[in-house]
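Here is a friendly walk through one protein model, going from strand pairing to annotated domains and an enclosed space. Have a look at the structure first, then read on.

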Amino acid sequence: MAEMKTLAATVRSGTGKGAARSVRREGRIPAVLYGGGEAPLPLSLDKKVTTQLIFAGHFLTTIFELEIDGKKERAIPRDYQLDVVRDFPIHVDFLRLKPGSRLKVNVPVHFINQETSPGLKRGGSLNIVYHAVEMYVPADNIPEAIVADLAGMDFNDSLGMSQIPLPEGCKPTNPDKNFTVASLAPPAGGGEEAAPAAAAPAKGKK
């Protein structure tokens, strides 16, 4: 399950570009909390803390408990904007998370057991089709990653989505239940690379 972090926020007055510029002049980042059947709530965030959280990675799959003027709201970032010149955050959008709600997120794919893949050990290359998979997930159980096992994969094998265990309540948005996540290609001149491995069992025969 994705880690939940705490982030302090302050309700800001006014909306629009002028109000947002005023917040930035104060050294803070404008934000909006929306969804959950409630009206959008304009917020401001500490610039230093928010910048560190964004560039630490996994920001858009992290659940936050927003502390808003003494009130707590569970939310997940849905988008953020960076200054096109200086590359620092200038706006963040948060989605309220209500009990029982579901949302759509990109979940990273982690590949394991490369060392036990015959094809990789003989010089093959792993072609990754999806580094992350878009999925519907429970708001209170967002996975940090799904794990793809490469053990036993050989030349020209492919790894389908149905071969990857999924956390409870998670489902890919792709209607194809077994779309290819990765495939293993032989090296250039793969026939020559494969020959020694194929001949090895016969070598010990009398």
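## Strands 7 and 9

Asn-106 faces Glu-134 of strand 9 across a bridge. That contact belongs to the pairing of strand 7 (residues 102-112) with strand 9 (residues 132-138), which is antiparallel and has seven bridges. Please keep in mind that this is a predicted model.

What is the order of the strands in this open sheet? The four strands follow the order 10-7-9-12, and their pairing is mixed. At the edges are strand 10 (146-149) and strand 12 (171-172); each has a single partner strand, so one side of each lacks a neighbour in the sheet. As a reminder, strands of a sheet pair through backbone hydrogen bonds, in either a parallel or an antiparallel sense.

## Strand 6 and its partners

Why is strand 6 (residues 89-96) largely enclosed by the rest of the structure? Seven of its eight residues are buried, so the surroundings cover most of the strand. Buried here stands for under 20% relative accessible area.

Strand 6 pairs with strand 2 (residues 28-35) in the parallel sense, over four bridges. Within that pairing, Tyr-34 has Leu-95 of strand 6 as its bridge partner. With strand 5 (residues 71-82), strand 6 runs antiparallel, and seven bridges join the two. Gln-81 is found opposite His-91 of strand 6.

Strands 5 and 6 also make up a hairpin, with six residues between them. In the turn, Asp-87 has a positive phi of about 60 degrees.

## Two annotated domains

UniProt, in an unreviewed entry, annotates residues 7-94 as "domain: Large ribosomal subunit protein bL25 L25". In the model this span is 20% helix and 52% strand, and its end C-alpha atoms are 12 Å apart.

A second UniProt feature, also from an unreviewed entry, is "domain: Large ribosomal subunit protein bL25 beta", placed at residues 103-187. For residues 103-187 the model gives 5% helix and 42% strand, with 40 Å between the end C-alpha atoms.

## An enclosed space

How many cavities of 30 Å³ or more does the count give? The count comes to one, and the largest cavity holds about 30 Å³ of space.

Which residues line the largest cavity? They are Lys-5, Leu-53, Ala-56, Gly-57, His-58, Phe-59, Thr-62 and Phe-64. By type, the lining divides into four nonpolar, three polar and one charged residue.

Conventions
Residues numbered from 1 in each chain as written. Predicted model: local features only at pLDDT ≥ 70, side-chain atom pairs only at ≥ 80, totals over all residues. Heavy atoms only, no water. UniProt positions renumbered as here; feature names shortened; annotations may be inferred. 1 Å grid on protein atoms, 1.4 Å probe; cavity = no way out; pocket = protein on both sides within 12 Å on 5 of 7 lines; lining within 4 Å. Points joined across faces, edges and corners; volume = space filled by probe spheres on them. Nonpolar A, V, L, I, M, F, W, Y, C, P; charged D, E, K, R; others polar. Buried < 20%, exposed > 50% of the residue type's maximum accessible area, 1.4 Å probe, protein only. Pairing = 2+ DSSP bridges.
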